[in-house]
Amino acid sequence: MSAPVTVRVQREDFDLNAEVEKLSAGRRDIGAVVTFSGLCRDEAGTLAALELEHYPGMAEAEIARISNEAVERFSLQAATAIHRYGKILPGENIVLVVAASRHRQAAFDGANFIMDFLKTSAPFWKKEHLDDGTTGGWVSAKDADDTARDRWSTK
């Protein structure tokens, strides 16, 4: 039996506790649940909102591919990945990854793996909207994200 994988790309917010409950309800085979919740942050104190765009259909397919690979690689019992799009204010949720397994290390590794690949492989773009009403431009990819992803290489 294949482990259940839930993937959603949505405009509306999500409830971390409700998502963990959905994933684990009635499951007696799960010994560990690891969650990662990414929030919109305002490092410079000038951000009004972060606008996230995605490639519909392709974003969901890529996140599903990544999540299914994590299930297989780390023997996860279940996985959930939710990514928001649209204008998101500082302090609001952007992304949620939930990984469930029999043991904690697999859940930690599975959640890290999903997030590292989601960050670098899923087709999302971020544009900053500043407090002064101007647009700060598109956010560039970070080398640190590629380095985090590359640690999972099986070379």
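These exercises walk through a pocket, a sheet and a ring cluster in one predicted model.

The model is predicted: local features need pLDDT of at least 70, side-chain atom pairs count only at pLDDT 80 or more, and totals for chains, interfaces and linings use all residues. Residues are numbered from 1 along each chain as its sequence is written, and side-chain values use heavy atoms, without hydrogens and water.

**Exercise 1. Describe the largest pocket and its lining.**

Step 1. Fix the term. On a 1 Å grid over the protein atoms alone, a pocket is an open set of points with protein on both sides within 12 Å along at least five of seven lines; lining residues have an atom within 4 Å of a point.

Step 2. Take the volume, the space filled by probe spheres set on the points. The largest pocket has about 940 Å³.

Step 3. Find the centre. Of the 34 lining residues, Lys119, Lys126, Val139, Lys142 and Asp145 are the closest to it.

Step 4. Sort the lining. It divides into 19 nonpolar, five polar and ten charged residues. Here Asp, Glu, Lys and Arg count as charged; Ala, Val, Leu, Ile, Met, Phe, Trp, Tyr, Cys and Pro as nonpolar; the others, Gly among them, as polar.

**Exercise 2. Work out which strands stand at the edges of the open four-stranded sheet.**

Step 1. Strands are DSSP runs of E, at least two residues, and helices are runs of H or I, at least four; both are numbered from the N terminus. Two strands pair if DSSP finds at least two bridges between them.

Step 2. Read the order: S5-S3-S7-S8, with antiparallel pairing.

Step 3. Strand S5 (86–88) and strand S8 (135–138) each have a single partner strand, so they stand at the edges, with one side left without a neighbour in the sheet.

Step 4. Look at S3 and S7. They pair over seven bridges. Leucine 47 stands opposite leucine 130 in S7.

**Exercise 3. Trace the ring pairs of phenylalanine 113.**

Step 1. Rings of Phe, Tyr and Trp (its six-membered ring) pair if their centres lie within 6.5 Å; planes under 30 degrees apart are stacked, over 60 edge-to-face, the rest tilted.

Step 2. Phenylalanine 113 and phenylalanine 117 are tilted: 4.6 Å centre to centre, 40° between the planes. Both lie in helix H3, four residues apart.

Step 3. Phenylalanine 113 and tryptophan 152 are edge-to-face, at 5.6 Å and 75°. Tryptophan 152 lies in the segment after H4, so this pair ties together parts 39 residues apart in sequence.

Step 4. Check burial (buried: under 20% relative accessible area). Phenylalanine 113 is buried at 0%, and phenylalanine 117 is buried at 16%.

Step 5. Ring pairs link Phe74, Phe113, Phe117 and Trp152 into a cluster.

Definitions and conventions. On a 1 Å grid over the protein atoms alone, a cavity is a set of points where a 1.4 Å probe fits but cannot get out, and a pocket is an open set with protein on both sides within 12 Å along at least five of seven lines; lining residues have an atom within 4 Å of a point. Buried means under 20% relative accessible area, exposed over 50%, partly exposed in between (1.4 Å probe, protein chains only).
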